Amino acid sequence: MLSYIVRRLAIAVPTLILVSIFVFTLQKLLPGDPALVMAGEDRDPAAIAFIREKYHLNEPILIQYAYWMKAVLQGDMGISLRTNQPVLGLIGDKLPVTIQLALMAIVIAFVIGVPAGILSAVKKGTMIDYVANIVALSGLSVPNFWLGIMLILLVSVNLGWLPASGYESPFVDPLRSLKTMIMPAFVLGTSLAATLMRHTRSAMLGVMKADYVRTARAKGVRELAVIIKHAFRNALLPIVTLSALLFGELLGGAVLTEQIFTIPGFGKLIVDAVFTRDYAVVQGVVLCAAAGVILINLVADVLYFLVNPRIRSTL
Amino acid sequence: MSATSDALLPVAGTYRTGSRAWRKLRTNKSALFGFTIVTFFIVLALLAPILPIDDPAATSWSAVRKAPSLDHLMGTDEIGRDIFSRMIWGARASLIAGVISVVMAVSIGVPFGLVAGYFGGWIDQGISRITDALLAMPFLILAVALAAFLGPSLTNAMIAIGLSAMPIFIRLTRGQVLSVKTDDYVEGARAIGLTDLAIILRYILPNVFAPVLVQATLTIATAIILEAALSFLGLGQQPPAPSWGSMLNVAKNFLTQAPWMAWWPGAAIFLVVLGFNLLGDGLRDALDPRET
């Protein structure tokens with residue numbers, strides 16, 4: 001048990017280090033002298049000298065990385081050029097918003113995707129299966145930023161039912177928070193729902209052929225109980241593991257969704273940072289996103305290991 | 001590859017399954033539908049310079065934000081440009097970006113995957129960790145960050161998309177190599193003293209071909225959405241050059257006055273992506289040896 005977690009950690013740590021090297025190297029992609037770029041419009045020689053000194057730009061690149069990494073490990077990801085706030089604090093402010101959006105999107109995706117997948121597997125080869133597959137493929141093919149724009153056009157502009165943009169914390173005004181977030185969460189959840197539907201379908205098709213399902217049927221268990229209690233419970237594990245893997249996709253999708261609905265989250269932070277050349281923020285967001293993905297995958301792997309006795313016994 | 005050397009050893013399955021796969025693909029209605037959509041857009045993009053359409057960059061102050069009509073089939077945009085002609089020219093940016101970035105991802109990813117899978121050991125460890133690290137960075141966030149540091153342009157967007165898609169191909173190829181590496185014909189090739197390079201090229205690569213083709217088709221779909229997304233964010237194709245993503249970016253500011261500006265580019269992205277997805281799914285079914 002412990003040895004599995006240790007081994008799994010032994011993979012996660014070098015991965016994180018490589019991510020940090022990559023994120024650090026990003027700033028070397030900047031054309032020209034980074035100090036000049038970071039100094040902004042007024043190319044004050046004193047400011048440039050200060051930046052060179054602060055970021056150790058005169059030192060060899062390995063030393064620069066070591067300084068940068070040491071600071072990051074101490075929670076110092078630099079200062080935002082735009083707001084003069086520490087990058088980590090800025091990310092900490094925006095993250096809860098994106099987490100709320102992502103959680104709502106996951107709920108919506110599960111509510112749509114899982115039942116659709118079960119239905120499609122149970123009714124394999126029928127019209128229902130066919131339609132569900134077409135809808136899922138369409139959900140995967142539709143650009144979610146366009147879906148968002150079309151929904152704003154229909155629901156906000158034409159029908160006037162929901163606000164087109166804005167954000168309200170659920171702790172201040174829960175109802176308003178729900179109203180502003182439901183449409184973005186739906187947009188973000190669509191492709192996730194489609195992926196979940198396809199995976200639920202194939203996982204269900206796999207377990208429906210299993211002996212224990214046949215036995216349950218032979219015992220005269222009602223079909224609905226067979227599907228839910230015997231088949232679905234066994235198919236659920238791979239489905240939940242998969243959703244952990246989709247976390248990164250969700251973060252990426254949030255970049256666009258937050259942009260369309262002007263939600264002040266993690267995704268909007270990186271886009272705004274790109275346009276204001278706030279490179280420290282861009283690096284911070286990429287690093288945090290990747291660390292989040294690695295952590296969630298690690299947790300998912302360990303949980304999968306804990307709840308699945310078959311894997312446990314092979315180790 | 002000479003005929004005599006082929007006769008010496010049994011060849012990996014892919015060539016023989018070729019005609020069977022093709023037959024299967026032809027009878028798959030949804031794959032054919034996907035193929036038709038994709039072909040339609042490719043032809044449209046190729047013919048753009050000779051089609052009798054308006055100049056996609058010609059502005060007209062007397063035709064600002066006009067609804068679709070016989071003069072302008074899809075209406076006009078905020079500075080009076082013909083949306084129909086911008087849609088056709090925009091197909092070029094989308095298709096080129098989709099295809100080139102995937103070609104880039106495949107041509108870097110497949111060799112790395114081959115090397116990692118074939119040689120194993122510390123080479124594999126190294127390449128696999130780099131792949132893990134690249135995969136840990138969300139696709140779009142990585143692409144946005146790369147586009148930010150490289151500077152916004154269609155070329156840089158393609159580089160960003162290609163780099164973000166590359167790890168998928170490394171991992172896929174590596175897995176495929178591991179599954180055939182110990183097969184009899186590979187062992188046989190090694191026994192008669194073929195070099196590693198010859199074994200990889202002649203006996204391993206053909207096995208990698210089918211899954212890579214399927215994945216590439218599906219990744220073109222993702223890459224097209226990603227290019228549109230980057231252009232939508234202002235990090236891809238730069239104005240005034242037409243691209244579906246940047247057209248949507250402008251359109252979202254005129255939703256109440258000119259909603260048609262937003263209809264077409266999104267519908268086109270949806271159709272092309274659906275086409276590639278249908279084709280990719282069809283190819284997967286046709287090339288899957290388990291489903292005979």
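What share of the contacts in chain A with a separation of 6 or more comes from residues 24 or more positions apart? The figure is 69%, so keep a contact map open beside the viewer if you like working that way. One thing before clicking around: this is a predicted model.

**Stop 1: all of chain A.** Select chain A and colour by secondary structure. You'll get 14 helices and zero strands, so the pattern along the sequence is just α repeated, from α1 through to the end. Line the view up with the principal axes and the C-alpha atoms of chain A fill a box of roughly 85 × 60 × 35 Å. Now colour by burial: of the 315 residues in chain A, 38% are buried.

**Stop 2: the two domains.** Next, select 2-73 of chain A as domain 1 and 95-308 as domain 2. Put a marker on each C-alpha centre and you'll find 34 Å between them. Where the two domains of chain A meet, domain 1 puts in eleven residues and domain 2 also puts in eleven. On the domain 1 side of that contact, expect seven nonpolar, three polar and one charged residues.

**Stop 3: the face towards chain B.** Bring chain B back into view. Here 41 residues of chain A are in contact with 37 residues of chain B. To see where the chain A side comes from, select α1 (2-26), α6 (127-141), α7 (144-158), α11 (247-260), α12 (266-275) and α13 (279-307) of chain A; each of these gives two or more residues. The top contributor is α11(A), with eight residues. Colour this side of chain A by class and you get 33 nonpolar, seven polar and one charged residues.

**Stop 4: zoom in on α12(A).** Is this helix mostly covered or mostly open? Mostly covered, with eight of its ten residues buried. Show F266(A), G267(A), K268(A), L269(A), I270(A), V271(A), A273(A) and V274(A) as sticks: those are the buried ones. Note that a lysine, K268(A), is on that list.

What do the buried residues of α12(A) pack against? Within chain A, select α5 (87-122), α11 and α13. Then cross over to chain B and add α6 (139-150), which also packs against them.

**Last stop: just past the helix.** Step off the end of α12(A) to R277(A) and check its backbone torsions: phi is positive there, at about 55 degrees.

Methods. Residues numbered from 1 in each chain as written. Chains lettered and ligands numbered in written order. Predicted model: local features only at pLDDT ≥ 70, side-chain atom pairs only at ≥ 80, totals over all residues. Contact = placed C-beta atoms within 7 Å. Helix = DSSP H or I, 4+ residues; strand = E, 2+ residues; numbered from the N terminus. Nonpolar A, V, L, I, M, F, W, Y, C, P; charged D, E, K, R; others polar. Domains from an automatic or database assignment. Buried ≥ 20, exposed ≤ 12 C-beta atoms within 10 Å, placed from the backbone.
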